[in-house]
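Hi,

Here is the structure I promised to send over. Have a look at it first, and then read on for what I found in it.

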Amino acid sequence: MKSVARALRAAPKFSRSYSVPWPNHVNTPIDNERVPWDFTEESYVRVKKILSKFPPLNTQSGIMPLLHLAQWQNGGWIPVSAMNKIAQICEVPPVRVYETVTFYAMFNRRPVGKYHVQFCVTTPCMVVGCDELIQVGLKHLGLERFGQTTPDGMITLGEMECMGCCVNAPMIVVSDYSNPPEFHYDYYEDLTPETLTNVLDHLRSGERHKLQIGSQAGRQFSAPLGGKTSLKTPPPGPFCRDLDAKKEEAK
């Protein structure tokens, strides 16, 4: 046990900054079962539409989309009263909703800033420098670890597993829940320390609209950087068939 304790003390301090708050529930003045919560009339229209996609005996299939809807409506996080309401609507024990929320990282159990900035930490992003970017982001915002929010309430930092855009690693996703029911979920890819701080500065100053979504290196979608390396001119014939001739023959 002493050797384990020594190893933990010797571990790099920044490793703790990767950890996020536990999703377990702790009663607070804004998050307890006594605080009433319900979907708005506008959201209930979407609730009905969501549930209509599933058989009447499988309403539990609506748990995840209803959780997303609750999070959008509630400004980016899900209180326990919202989970209880969803359990009531889906006719399942509340624990079925609790276990779903605490399993998936995209559901937030605590309030987040106007912009929830999450770093991809999966292997492709890690091998091209996401660890360095995380440290740059934390230092630039004056934060110590994931899950913390800047004093002005603008940005909360967090992590996310694979975002499915590995060619353009490293990357972040920025969620904006500030104007429900509208919701923005934007990728910023091919990041460097300089372009990351530029994105963060624009978010803090309320100028998200001035940012270029997607690659920050001029990449077109997921095409190679630097332009084409093949097929630079139209390919020579003969082609498989003359489509115009086929149309004439059909007449």
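Let's start with helix H4: Val80, Ser81, Ala82, Met83, Lys85, Ile86, Ala87, Ile89 and Cys90 are buried there. One thing to keep in mind from the start is that this is a predicted model. The helix covers residues 80-90, and because 9 of its 11 residues are buried, it is largely enclosed by the rest of the structure. What do the buried residues of H4 pack against? They pack against three helices: H2 (41-51), H3 (63-73) and H5 (94-103). Right after H4 ends, have a look at glutamate 91, which takes a positive phi of about 60 degrees.

One of those packing partners, H3, also takes us to the surface. Methionine 64 sits in H3, and with a relative accessibility of 31% it counts as partly exposed. Together with Phe103, Tyr104 and Met106, Met64 forms a nonpolar patch on the surface. The accessible area of these four residues together is about 370 Å².

Now for the sheet. In what order do its strands lie? The order is E2-E1-E3-E4-E5, in an open sheet of 5 strands with mixed pairing. The edges are E2 and E5 (214-215), each of which pairs on one side only. As a bit of background, strands of a sheet pair through backbone hydrogen bonds, and they can do so in a parallel or an antiparallel way.

E1 is a good strand for seeing what "mixed" looks like. E1 (residues 115-120) pairs with E3 (residues 172-176) in the antiparallel sense, over 5 bridges. With E2, on the other hand, E1 runs parallel, and 6 bridges join the two. Try finding histidine 116 on your screen: serine 175 stands opposite it in E3, and its bridge partner in E2 is threonine 156. Tyrosine 115, for its part, stands opposite aspartate 176 in E3.

Are the residues of E1 buried or exposed? The strand is mostly covered, with 6 of its 6 residues buried. Their side chains split into two sets: Tyr115, Val117 and Phe119 point one way, while His116, Gln118 and Cys120 point the other way. Both sets are buried.

Next, a single loop residue. Threonine 150 lies in the loop between helix H7 (130-141) and strand E2 (155-160). Its relative accessible area is 3%, so threonine 150 is buried, for which the cut-off is under 20%. The side chain of threonine 150 reaches the backbone nitrogen of methionine 154 at 3.4 Å. If you leave aside neighbours within four places in sequence, threonine 150 is in contact with Leu141, Leu143, Ile155 and Arg204.

Finally, the chain as a whole. It has 9 helices and 5 strands, and along the sequence they follow the pattern α-α-α-α-α-β-α-α-β-β-β-α-β-α. Of its 251 residues, 37% count as buried. Looking at contacts between residues at least 6 apart in sequence, 66% join residues at least 24 apart. The chain exposes about 15,500 Å², and carbon and sulfur atoms supply 58% of that.

Have fun turning it around on your screen!

Cheers

How values were computed:
Residues are numbered from 1 along each chain as its sequence is written. This is a predicted model: local features need pLDDT of at least 70, side-chain atom pairs count only at pLDDT 80 or more; totals for chains, interfaces and linings use all residues. Side-chain values use heavy atoms; hydrogens and water are left out. Buried means under 20% relative accessible area, exposed over 50%, partly exposed in between (1.4 Å probe, protein chains only). Helices (H or I, at least four residues) and strands (E, at least two) are DSSP runs, numbered from the N terminus. Contact means heavy atoms within 4.5 Å. Patches are made of residues with over 30% relative accessible area and no salt bridge: like charges are joined within 9 Å, nonpolar side chains (Val, Leu, Ile, Met, Phe, Trp, Tyr) within 5 Å. Accessible areas come from the Shrake-Rupley method with a 1.4 Å probe; for residues, only the protein chains shown count as cover. A salt bridge is a side-chain nitrogen of Lys or Arg within 4 Å of a carboxyl oxygen of Asp or Glu. A polar contact is a pair of N or O atoms within 3.5 Å; within protein, one must be able to donate a hydrogen and the other to accept it, and residues adjacent in sequence count only if both atoms are side-chain atoms. Two strands pair if DSSP finds at least two bridges between them.
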